[in-house]
Amino acid sequence: MTAPDLAAFETMARAAVDALPAPFHAAAAEVVLRVEDWPPDEILDEMEIDDPLDLTGLYEGIPMTEKSSSWPSPYPDTVWLFREPILQEWRERDDVTLEELVTHVTVHEFAHHFGWSDDDIASIDRWWE
């Protein structure tokens, strides 16, 4: 069986965004969704990550809770999903479907856009237990 391609990953991720509760739809629509095979070297270097398999997704931008109309961001907020690291984690876990994992990573990164910290997310998302 071949692994789903980038387009299939994007379809799964967009379905996850579409399934967000109604109050989050407008804010989510403002975010660029990028699905790539691997994290770019610049991102890995900036985050001081040696192994690209350690990064399944990333939110780049200014969280809604910190945005200011007097100081707009020069770049659009972006959620990145990285296909190969997600596939590797899925193979290693063997206890969730690929769609569940893509949905989890997507929602986690969009939660950062909404202003949630990793601790906030962990308090309601017991995913890793």
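**Figure 1. Helix 1 packs across two strands of the predicted model.** Helix 1 lies across strand 1 and strand 3. Against strand 1, helix 1 runs at about 145 degrees. The structure shown here and in the views below is a predicted model. Within helix 1, Arg 14 forms a salt bridge with Glu 10. Their closest N and O atoms are 2.9 Å apart. Why can these two side chains be about one helical turn apart? Arg 14 and Glu 10 are four residues apart in helix 1, so about one helical turn separates them. An α-helix has 3.6 residues a turn, so residues three or four places apart point the same way. Both partners count as partly exposed: Arg 14 at 40% relative accessibility, Glu 10 at 28%.

**Figure 2. Three strands form an open sheet with mixed pairing.** The strand order is 1-3-2. Strand 1 and strand 2 are the edge strands, each pairing on one side only. On average, neighbouring strands of this sheet are turned by 15 degrees against each other, direction ignored. Strand 1 and strand 3 pair in the parallel sense, over five bridges. Strand 2, residues 57-60, pairs with strand 3 in the antiparallel sense, over four bridges. Leu 81 in strand 3 makes a good landmark. Val 35 stands opposite Leu 81. Gly 57 also stands opposite Leu 81.

**Figure 3. Strand 3 is covered on both faces.** How many of the five residues of strand 3 are buried? Five of five are. Thr 78, Trp 80 and Phe 82 are buried on one side. Val 79 and Leu 81 are buried on the other. In a regular strand the side chains alternate between the two faces of the sheet.

**Figure 4. Helix 4 and its cover.** Helix 4 spans residues 83-93. Its buried residues are Arg 83, Pro 85, Ile 86, Leu 87 and Glu 89. What covers them? The cover includes helix 1, strand 1, strand 3 and helix 5. Ile 86 has contacts beyond its neighbours within four places in sequence: Phe 9, Thr 56, Leu 81, Leu 98, Leu 101, Val 102 and Val 105. Just after helix 4, Asp 94 takes a positive phi of about 55 degrees.

**Figure 5. The largest nonpolar core holds 22 residues.** Which members touch the most other members? They are Phe 9, Leu 81, Ile 86, Val 102 and Phe 110. Helix 1, helix 2, strand 1, strand 3, helix 4 and helix 5 each supply at least two residues of this core. Helix 5 gives the most, with five residues. Apart from this core lies another, of seven residues. Its members include Ile 43, Leu 44, Trp 80 and Phe 82. In soluble globular proteins, nonpolar side chains tend to be buried together.

**Figure 6. A salt-bridge network reaches from helix 4 to the loop after strand 1.** The structure holds six salt bridges. In one of them, the side chains of Asp 37 and Arg 83 meet at 2.9 Å, N to O. The pair links distant parts of the chain. Asp 37 sits in the loop between strand 1 and helix 3, Arg 83 in helix 4, 46 residues apart. Is Arg 83 buried or exposed? Arg 83 is buried, because its relative accessible area of 11% falls under the 20% cut-off. Asp 37 is partly exposed, at 28% relative accessibility. Salt bridges that share partners join Asp 37, Arg 83 and Glu 84 into one network. Another salt bridge joins Glu 36 to Arg 34, with closest N and O atoms 3.0 Å apart. Glu 36 is partly exposed at 27% relative accessibility, and Arg 34 is partly exposed at 34%.

**Figure 7. Phe 24 and Phe 114 form a tilted aromatic pair.** A search of the whole structure finds two aromatic pairs. In the pair of Phe 24 and Phe 114, the rings lie 4.7 Å centre to centre, with 45 degrees between the planes. Phe 24 is in helix 2, and Phe 114 is in the loop between helix 5 and helix 6, 90 residues apart. Phe 24 is partly exposed, with a relative accessible area of 29%. Phe 114 is buried, at 12%.

**Figure 8. Glu 30 in the loop between helix 2 and strand 1.** Glu 30 counts as exposed, at 58% relative accessibility. Its C-alpha atom is separated by 8.9 Å from that of Thr 78. Along the chain, Glu 30 and Thr 78 are 48 residues apart.

How values were computed: Residues are numbered from 1 along each chain as its sequence is written. This is a predicted model: local features need pLDDT of at least 70, side-chain atom pairs count only at pLDDT 80 or more; totals for chains, interfaces and linings use all residues. Side-chain values use heavy atoms; hydrogens and water are left out. Buried means under 20% relative accessible area, exposed over 50%, partly exposed in between (1.4 Å probe, protein chains only). Contact means heavy atoms within 4.5 Å. Two strands pair if DSSP finds at least two bridges between them. Axes are lines fitted to C-alpha atoms, for helices over the stretch in contact, and angles run from 0 to 180 degrees between N-to-C directions. Rings of Phe, Tyr and Trp (its six-membered ring) pair if their centres lie within 6.5 Å; planes under 30 degrees apart count as stacked, over 60 as edge-to-face and the rest as tilted. A nonpolar core is a set of buried Ala, Val, Leu, Ile, Met, Phe, Trp, Tyr and Cys residues joined through side-chain atoms within 4.5 Å. A salt bridge is a side-chain nitrogen of Lys or Arg within 4 Å of a carboxyl oxygen of Asp or Glu.
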